[in-house]
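These are my notebook entries on one structure, kept in the order in which I looked things up. The sequence and the structure come first.

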Amino acid sequence: MVTDMIYNYDNLNFNILTVEKISHTNKSFTVKERPYAALSLRLNGTSRFIINNKHFETSGGDVFFIPANVAYQVDYSSSEIIVIHLLDCDYNEAECIRTNGDEGIYKLFCRMLDEWMIN
């Protein structure tokens, strides 16, 4: 079964709830279902996620999407992310997108964070 990737999803709809910069320490935990999705850019460090029995590993420069209403397990190394929490997002597949350190994506996430902090 082939699924759409988030950047190819023609009917993507959402509302931005928050934009934040978050730091993690070396830690493992389980996250309960949340009513919002998360789209994040990992600035540094690594993480390992288990979502719906699928395993994902992220490292610096990766964009990661976690859909709303799913519980997951995560192991973090000391790291930082910029995360956008999304309400009413109609995309529901967890995925990791490797950006190969694309400076444009980094600048876009930083700009979104700056704009959110101003408003």
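**Entry 1. Terms.** I call a residue buried when its relative accessible area is under 20%, exposed when it is over 50%, and partly exposed in between. I keep in mind throughout that this is a predicted model.

**Entry 2. Asp62 and its partner.** I first asked whether Asp62 is buried or exposed. Its relative accessibility is 4%, which is under the 20% limit, so Asp62 counts as buried. I then looked for a charged partner and found that Asp62 forms a salt bridge with Arg98, with 2.3 Å between the closest N and O atoms. Asp62 sits in the loop between E5 and E6, and Arg98 in the loop between E9 and H1, so this pair ties together parts that are 36 residues apart in sequence. Arg98 itself counts as partly exposed, at 48% relative accessibility.

**Entry 3. Other salt bridges.** How many salt bridges does a search of the whole structure find? The search finds four. Side chains of opposite charge can pair when their charged atoms come close. Besides the bridge of Asp62, I looked up two of them.

- Asp75 and Arg48 meet through their side chains in a salt bridge of 3.6 Å, N to O. This pair links distant parts of the chain, as Asp75 is in strand E7 (residues 72–76) and Arg48 is in strand E4, 27 residues apart. I noted Asp75 as partly exposed, with a relative accessible area of 28%, and Arg48 as partly exposed too, at 45%.
- Lys54 and Glu93 meet in a salt bridge between their side chains, at 3.5 Å, N to O. Lys54 belongs to strand E5 and Glu93 to the loop between E8 and E9, so the pair ties together parts 39 residues apart in sequence. Lys54 is partly exposed at 42% relative accessibility, and Glu93 is partly exposed with a relative accessible area of 24%.

**Entry 4. Two residues of strand E3.** I turned to Ser40, which is found in strand E3. Ser40 is buried, its relative accessible area being 10%. Setting aside residues up to four places away in sequence, I found that Ser40 touches Asp62, Val63, Phe64, Ile81, Ile82, Val83 and Phe109. Arg42 is also found in strand E3, and this residue is buried as well, with a relative accessible area of 4%. Which residues is Arg42 in contact with, leaving aside its neighbours within four places in sequence? Among them are Ser47, Thr58, Gly61, Asp62, Tyr76 and Glu80. Asp62 thus appears in the contact list of Ser40 and in that of Arg42. I also recorded the distance from Arg42 to His24: they are 18 residues apart in sequence and 11 Å apart in space, C-alpha to C-alpha.

**Entry 5. Helix H1.** I checked the length of H1 next. At 1.5 Å a residue, its 16 residues should span 22 Å, and the end C-alpha atoms are 22 Å apart, which agrees. Which residues of H1 are buried? They are Phe109, Cys110 and Leu113. Viewed down the helix axis, these buried residues fall within an arc of 95 degrees, so they line one face of H1. They pack against strands E1 (15–24), E3 (37–44), E6 (63–66) and E8. On the other side of H1, I noted Lys107, Arg111 and Ile118 as exposed.

**Entry 6. A nonpolar patch.** Where does Met117 lie? Met117 lies in helix H1, which covers residues 103–118. Met117 is exposed, having a relative accessible area of 61%. Together with Phe14, Ile16 and Trp116, Met117 makes a nonpolar surface patch of about 410 Å².

**Entry 7. Positive phi angles.** Most residues other than glycine have a negative phi. I therefore wrote down two residues that depart from this rule.

- Asn52 is not a glycine, yet has a positive phi of about 50 degrees. Asn52 lies in the loop between strand E4 (46–51) and strand E5 (54–59), and is exposed, with a relative accessible area of 54%.
- Asp88 is not a glycine either, and has a positive phi of about 55 degrees. Asp88 lies in the loop between strand E8 (79–87) and strand E9 (95–97), and counts as exposed at 58% relative accessibility.

Definitions and conventions:
Residues numbered from 1 in each chain as written. Predicted model: local features only at pLDDT ≥ 70, side-chain atom pairs only at ≥ 80, totals over all residues. Heavy atoms only, no water. Patch = residues over 30% accessible without salt bridge, like charges linked within 9 Å, V, L, I, M, F, W, Y side chains within 5 Å. Areas by Shrake-Rupley, 256 points an atom, 1.4 Å probe, with all protein chains shown as cover. Helix = DSSP H or I, 4+ residues; strand = E, 2+ residues; numbered from the N terminus. Buried < 20%, exposed > 50% of the residue type's maximum accessible area, 1.4 Å probe, protein only. Expected span 1.5 Å × (residues − 1). Arc of directions from axis to C-beta. Contact = heavy atoms within 4.5 Å.
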